[in-house]
Amino acid sequence: MTPTRSRRRPFGRGSATVLAVLAAGCLLASGCSASGGSDSDRGTGGADAAGKARTRVALITHSAPGDAFWELVRRGAETAAAKDGIELAYESDPDARGQAGLVRDAVADRVDGIAVTLAKPEAMRSAIASARAVGIPVVGLNSGIDAWRSGGLLQYFGQDESVAGRAVGDRLDDLDARHALCVIHERGNVAVEARCAGVKKAFGGRTDLLYVDGTDMDAVADSVSAALRRDATIDEVVTNGAEFALAAVKSVKRAGSRAEVATFDLNKNLVKAVRSGDVQFAVDQQPYLQGYLAVDALWLYRVNGNVSGGGEKPVLTGPAFVTKENVASVAKYAADGTR
């Protein structure tokens, strides 16, 4: 199935944009920021009494339409935008060439900053270079932790996927697993590939990789079921997204397998599955936090020249393990759509 590409438009016209009304709503709710005073008093990037133009930021990801994970990223970005008085446009395209085209659109529209994911770093290199050439700061989030510095990005916010994968491998050893099936739903996505490679490197048992079409959830479930039927020794299925874990739970039941399911990432439905024991654990990379920090970092750089990690080190948002023992501590936030 060919991914659906987002329609490319000029910044702020038809894209998902957070305008002054969001910032106004934030101010009406709180009166001012946590530190006190108005935007103009603090010299922020928002429009002030002197009529300064509002800071314009583009968040451009590799999300497919309707992906719940990316809604968490977007919500975090929108919260930061409202706080900082930023005009935020969110665009996405699961096709790397399309995503690069969206970056070039933002450059042509002379935005003040761009936050971008690097699921396919090489495909994004030229577009990011075009932003740098005209002085537009670019930060990375979520994918591409090994490529952000060489790609010329200012800062990076996300999880070290190799570290996360190795941590999962170690946990599988602790759980006495013997044979893991690591499900990759997007071939060539550096983050997803790195996770399963990390699992395979650290896990003392056998690790098989299963590539599936992540755009077709029924096909994912069928592929996992078929793999479990072919090899009854598989005792752990590791997925790379909450929705894929829930599909894998069904696959295990259909196949009559005794395999357990674990996953990277979570949402409110996955929280319920962890609580019930259908999913052993989830690795939380905190996507809401990734979106929030990326947008807030561009604002801080614009108004105060701040660079997190000194431009040398990434800001890590994970991994954190969510298990049946600690899931209650994140359940409320997941229900609110922020975890």
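Which unit do S2, H3 and S3 make? The legends below describe close-up views of a predicted model, beginning with that unit.

**View A. S2, H3 and S3 make a right-handed β-α-β unit.** Strand S2 covers residues 56-61 and pairs with S3 in the parallel sense, over six bridges. Within this pairing, Ile 60 has Glu 91 of S3 as its bridge partner. S3 is mostly covered, with six of its six residues buried. Burial applies to both faces of S3: Glu 87, Ala 89 and Glu 91 lie on one side, and Leu 88, Tyr 90 and Ser 92 on the other.

**View B. Gly 85 sits in the loop between helix H3 (68-84) and strand S3 (87-92).** Gly 85 counts as buried because its relative accessibility is 1%, which is under the 20% cut-off. Its C-alpha atom is separated by 7.0 Å from that of Arg 54, although the two residues are 31 apart along the chain.

**View C. An open sheet is formed by six strands.** The strand order is S8-S7-S9-S10-S11-S13, and the pairing is mixed. Strand S8 (206-211) and strand S13 (320-323) are the edge strands, each pairing on one side only. On average, neighbouring strands of the sheet are turned by 20° against each other, direction ignored. Inside the sheet, strand S7 (residues 179-184) pairs with strand S9 (residues 236-239) in the parallel sense, over three bridges. Cys 182 has Val 238 in S9 as its bridge partner.

**View D. Cys 182 and Cys 196 form a disulfide.** The structure holds one disulfide. The two sulfur atoms are 2.0 Å apart. The angle about the S-S bond is -80°, and the link is left-handed. The pair links distant parts of the chain, 14 residues apart: Cys 182 belongs to strand S7 and Cys 196 to helix H7 (residues 190-202). Cys 182 is buried, with a relative accessible area of 0%. Cys 196 is likewise buried, at a relative accessible area of 0%.

**View E. Helix H9 (residues 242-255) and helix H10 (residues 268-276) cross at roughly 45°.** Their axes come within 9 Å. The crossing angle makes H9 oblique to H10. H9 passes H10 in a left-handed crossing.

**View F. A cis peptide bond joins Gly 318 and Pro 319.** Omega of this bond is about 10°. Pro 319 is placed in the loop between strand S12 (315-318) and S13, and S13 is an edge strand of the six-stranded sheet.

**View G. Asn 142 has a positive phi although it is not a glycine.** The value is about 70°. Asn 142 is found in the loop between strand S5 (138-141) and strand S6 (156-159). Its relative accessibility is 4%, so Asn 142 counts as buried.

**View H. Asp 265 also has a positive phi, in a residue other than glycine.** Phi of Asp 265 is near 80°. Asp 265 is located in the loop between strand S10 (260-264) and H10. The residue is buried, with a relative accessible area of 7%.

Key: Residues are numbered from 1 along each chain as its sequence is written. This is a predicted model: local features need pLDDT of at least 70, side-chain atom pairs count only at pLDDT 80 or more; totals for chains, interfaces and linings use all residues. Side-chain values use heavy atoms; hydrogens and water are left out. Two strands pair if DSSP finds at least two bridges between them. Helices (H or I, at least four residues) and strands (E, at least two) are DSSP runs, numbered from the N terminus. Axes are lines fitted to C-alpha atoms, for helices over the stretch in contact, and angles run from 0 to 180 degrees between N-to-C directions. Buried means under 20% relative accessible area, exposed over 50%, partly exposed in between (1.4 Å probe, protein chains only). A crossover is right-handed if, with the strands pointing away from the viewer, the path from the first strand over the helix to the second runs clockwise. A disulfide is a pair of cysteine sulfur atoms within 2.5 Å. Angles under 35 degrees count as roughly parallel, over 145 as roughly antiparallel, 65 to 115 as roughly perpendicular and the rest as oblique. A crossing is left-handed if the near helix is turned anticlockwise from the far one by less than a right angle, and right-handed if clockwise.
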